[in-house]
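Visitor: I'd like a close look at one small part of this model, down to the atoms. Could you take me through the spot and then work outwards from there?

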Amino acid sequence: MPYNDPDPTDPNILVGVVLPADAEAMREMAYVFAEEFARLGHDRQQILTLFKSPFYAGVHGAFRALGEKEIASIVDECLGAWGGIRFSILDFGFSIGGGGEIQNRQSKIQNGGRGGGDG
């Protein structure tokens, strides 16, 4: 078998299928996309821009099927539930907004094992 020629008997060959979906399935998909982007910390404008961009085929397909007004309503609802969540990395003494200064000077990880700590 040539290198670039797939073997039709290979059970691991990638096969794509199209599943039928109605407007309700498209609405659920839009909710999943909007919730994921809201959980990642995107704001309303960033999420709507993603829906409007044809580069993101799934998201844009939902936008085309449901329309801008319905998508904006879904985005607002998801942001109401998840939009207030902000992440901060404190395990290693670095804060996302703090410019990276060390907050816990006793940690062996931050100061290369010098001083502080009992183990």
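Which backbone oxygen does the side chain of histidine 60 reach, and at what distance?

Guide: The partner is the backbone oxygen of phenylalanine 51, which the side chain of histidine 60 reaches at 3.2 Å. That makes a polar contact (N or O atoms within 3.5 Å, one able to donate a hydrogen and the other to accept it; residues adjacent in sequence need both atoms in side chains).

Before we go on, bear in mind that this is a predicted model, with pLDDT of at least 70 required for local features and 80 or more for side-chain atom pairs, while totals for chains, interfaces and linings use all residues. Numbering runs from 1 along each chain as its sequence is written, and side-chain values use heavy atoms, with hydrogens and water left out.

Back to our histidine. Histidine 60 sits in helix α3, which spans residues 57-66. Its relative accessibility is 14%, so histidine 60 counts as buried (under 20%; exposed is over 50% and partly exposed lies in between, with a 1.4 Å probe and protein chains only). Setting aside neighbours within four places in sequence, histidine 60 is in contact with Phe51, Lys52, Ser53 and Pro54, contact being heavy atoms within 4.5 Å.

Now follow the oxygen's owner. Phe51 belongs to helix α2, residues 44-52, where Ile47, Leu48 and Leu50 are buried along with Phe51. Those four cover an arc of only 155 degrees around the axis, so they're on the same side of α2. The general background is that an α-helix has 3.6 residues a turn, so residues three or four places apart point the same way. What covers the buried residues of α2 includes α3, the helix of our histidine, as well as α1 (23-39) and α4 (68-82). At the start of α2 there's another side chain to backbone pairing: a side-chain oxygen of aspartate 43 comes within 3.3 Å of the backbone nitrogen of glutamine 45.

Between α2 and α3, things look more open. Phenylalanine 55 has 69% relative accessibility and therefore counts as exposed, whereas tyrosine 56, at 37%, is partly exposed.

Zooming out, the protein chain has four helices and zero strands, in the order α-α-α-α (DSSP runs, H or I of at least four residues for helices, E of at least two for strands). Of its 119 residues, 21% count as buried, and histidine 60 is one of the buried residues.

Technical notes: The arc is that of the directions from the helix axis to the C-beta atoms.
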